[in-house]
Protein chains: 2
Amino acid sequence: MTERVYNFSPGPAVLPLPVLEQAQRDLLSLPGVGASVMEISHRSKAFDAILTDAQALIRQLLGVPDNYRLVFMQGGAHLQFTLVAQNFLRGTGRTAEYVLTGSWGNAAFKEAQKEGSARAIWDGKQHNYSHLPAFNELKISADAAYLHMTSNETIQGVQFKGEPDTGTVPLVCDSSSDFLSRPIDVRRYGLIYACAQKNAGIAGVTAVLIRDDLLERVPKNLSASLDYANFAKTDSRPNTPPCFAIYILMLVCRWLRDEIGGLEKMAALNTQKAKLLYDVVDSSGGFYRPHARPDCRSLMNVTFRLPSEELEAEFVKDAAQLKLTELKGHRSVGGIRASIYNAMPRAGVEALAQFMGDFAQRKG
Amino acid sequence: MTERVYNFSPGPAVLPLPVLEQAQRDLLSLPGVGASVMEISHRSKAFDAILTDAQALIRQLLGVPDNYRLVFMQGGAHLQFTLVAQNFLRGTGRTAEYVLTGSWGNAAFKEAQKEGSARAIWDGKQHNYSHLPAFNELKISADAAYLHMTSNETIQGVQFKGEPDTGTVPLVCDSSSDFLSRPIDVRRYGLIYACAQKNAGIAGVTAVLIRDDLLERVPKNLSASLDYANFAKTDSRPNTPPCFAIYILMLVCRWLRDEIGGLEKMAALNTQKAKLLYDVVDSSGGFYRPHARPDCRSLMNVTFRLPSEELEAEFVKDAAQLKLTELKGHRSVGGIRASIYNAMPRAGVEALAQFMGDFAQRKG
């Protein structure tokens, strides 16, 4: 057995061990195929089965209604920032509205502004994105091209608990960092996109759920690689898709269904894991200072500061000695960030909580 | 040992067995890291080393001059069809010139036409793309935005032996299906792109070599995900790259250098493999009818017809019994296609040649 660390990386992030083990076992030859999943045609029966499975599992896990298409794309969330605006804003004469809740909301907004008229209807910049708006604070224009939100901000560690009612305005959501971490009401959304490398798999594939009626709004003559309707029409294969990344996504979904028991259970486990860390933060007598306001805390990325940057550096170094790795916060927020996505085992979080308590006692 | 077939898939295609074995061995934990290559941050030291290695190996194998950048992107060759035109054609007032040598040249042309003025200066349609132009047939305009060519057409099985002298007009080449299969004179090109899933790795990563001066032509305000200059500036990481696909690409390049001994040797092996098959075709007394004119034959994709579609179906079925798989030709050309990229072992080609001889004798 290879010695593995507890890896708190914000993404690419830890994967479920059974997924890694199955991928390893079958890497030279998929059972019955005689070739690696990396070597087979994207139009082969074997890959068809993988793709179909991945789609069916996501649909089942999230309860996706029939009037939504599910496609797999490349380019990460960043390309989606552009695609959303190229498919649904450019040339419409309308304005897209953005909720700026942190680094990713801002990045999405920046790309949209290159494609058309976009405006921020809420911006948490003045308090360094430490909290989120209440939904009734959002003044959404009835004729907006769409409303864009980011369900979880990995850098700031803030997460929405639900979604606003946007009426007839399509709600577009970057769910990259909490996709498949909890149940959601898909019906509330026009489009959901999520790169896989947080909760759902590895870098290189992005899942996109699109309501049928939005596909009719896609302009003609878009690049074949940038056209949601083309991806829907060709079942994610206008050209060769990232087959291996889709395979891992499928294995992760199987693990979510069969080992975890679905998204309700996954959400309960994630809530418990996050509570372990926030409890240490809250009971540290001010030694650990959380970045996010308590009601907006992310269950995925736990962000906090220590009394000094020296102590933060020491914290990261001492933790690594205990094989608790990748805890350094993003430079824009500083401090510590523990990313505890689906595949981070409770034992890893317990080890971190224990270390945090010990460290606070030693240094506090 | 897992039983493996000889997989003649046109891509995703066979990988070198030692690459698969190393990936399998280290899949749960990269040596010294304690986490899978699929789980580590794209900004970690471990991934930095992989990326740097992949770049250095490709530069060494191809002898890339210092005034070329090498970046890794997502989206396959198809996205490059668009990017080339968005970065170097749109808004220039110029015309891009395309050489249409088969399905891929046409696909690239189609996407360019969506972005600006593009015209075909040679089109092999009337003879179903069975041969290529001589370079002196190409009348390249001195003020063309660029000349686009496809070095190898996987569907028709035609391949250029070199490249035209385009003077000051940048030569842009889709090398997807013969990249790293032979030495090339990079200096003749302005830009070379190649998806990895033929000779160089797996689906999900595309290598792009760009001459420095072309980067200065990239328009401002392009989407961050579609901007070559941004990829060069951020060393392929404007956002999370397809880490695992880059890792496999790096392993394939190491295999090319250490096991094969470089591209001269790889080209010699590929030439020998192709000769084995073309010799059977040519000595079959007309039983096997090659699609490509002899002087334009691809060393990567060997395409031919049999006397009837029934015999072709029988050929594919009988071959599969011998674990020679994925030999069915593309519907647009029909017949048989044997893709024999770098990683197809000579033994696999020998087995196919033997089968072809036997089949012709039995049925001819």
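Of the 364 residues of chain A, 64% count as buried. I should say at once that this is a predicted model, and that the values I present are computed from it.

Let me turn to the fold of this chain. Chain A contains 10 helices and 14 strands. Its radius of gyration is 21 Å, close to the 21 Å given by the globule rule for 364 residues, so chain A is as compact as a globular protein of that length. The C-alpha trace spans about 65 × 55 × 30 Å along its principal axes. As for contacts within the chain, consider those with a separation of 6 or more: 68% of them are accounted for by residues 24 or more positions apart.

Next, the surface and the charges. Chain A exposes about 13,300 Å², and carbon and sulfur atoms supply 49% of that area. The chain carries 40 positive and 38 negative charges, and the mean positions of these two sets are 2 Å apart.

I come now to the pair of chains. How is chain A laid on chain B? A turn of 180°, with a shift of 0.0 Å along the axis, does so with an RMSD of 0.0 Å. The two copies are therefore related as by a two-fold rotation axis. Within chain A, the C-alpha nearest that axis belongs to A:Q24, at 2.7 Å from it.

Finally, the interface. Why may we say that the copies meet through the same surface? The reason is that 100% of the interface residues of chain A are also interface residues in chain B.

Methods: Residues numbered from 1 in each chain as written. Chains lettered and ligands numbered in written order. Predicted model: local features only at pLDDT ≥ 70, side-chain atom pairs only at ≥ 80, totals over all residues. Heavy atoms only, no water. Helix = DSSP H or I, 4+ residues; strand = E, 2+ residues; numbered from the N terminus. Rg over C-alpha atoms; globule rule 2.2 N^0.38 Å. Buried < 20%, exposed > 50% of the residue type's maximum accessible area, 1.4 Å probe, protein only. Contact = heavy atoms within 4.5 Å. Areas by Shrake-Rupley, 256 points an atom, 1.4 Å probe, with all protein chains shown as cover. Lys, Arg positive; Asp, Glu negative; His and termini not counted. Charge placed at Lys NZ, Arg CZ, Asp CG, Glu CD. Least-squares fit on C-alpha atoms with pLDDT ≥ 70 in both.
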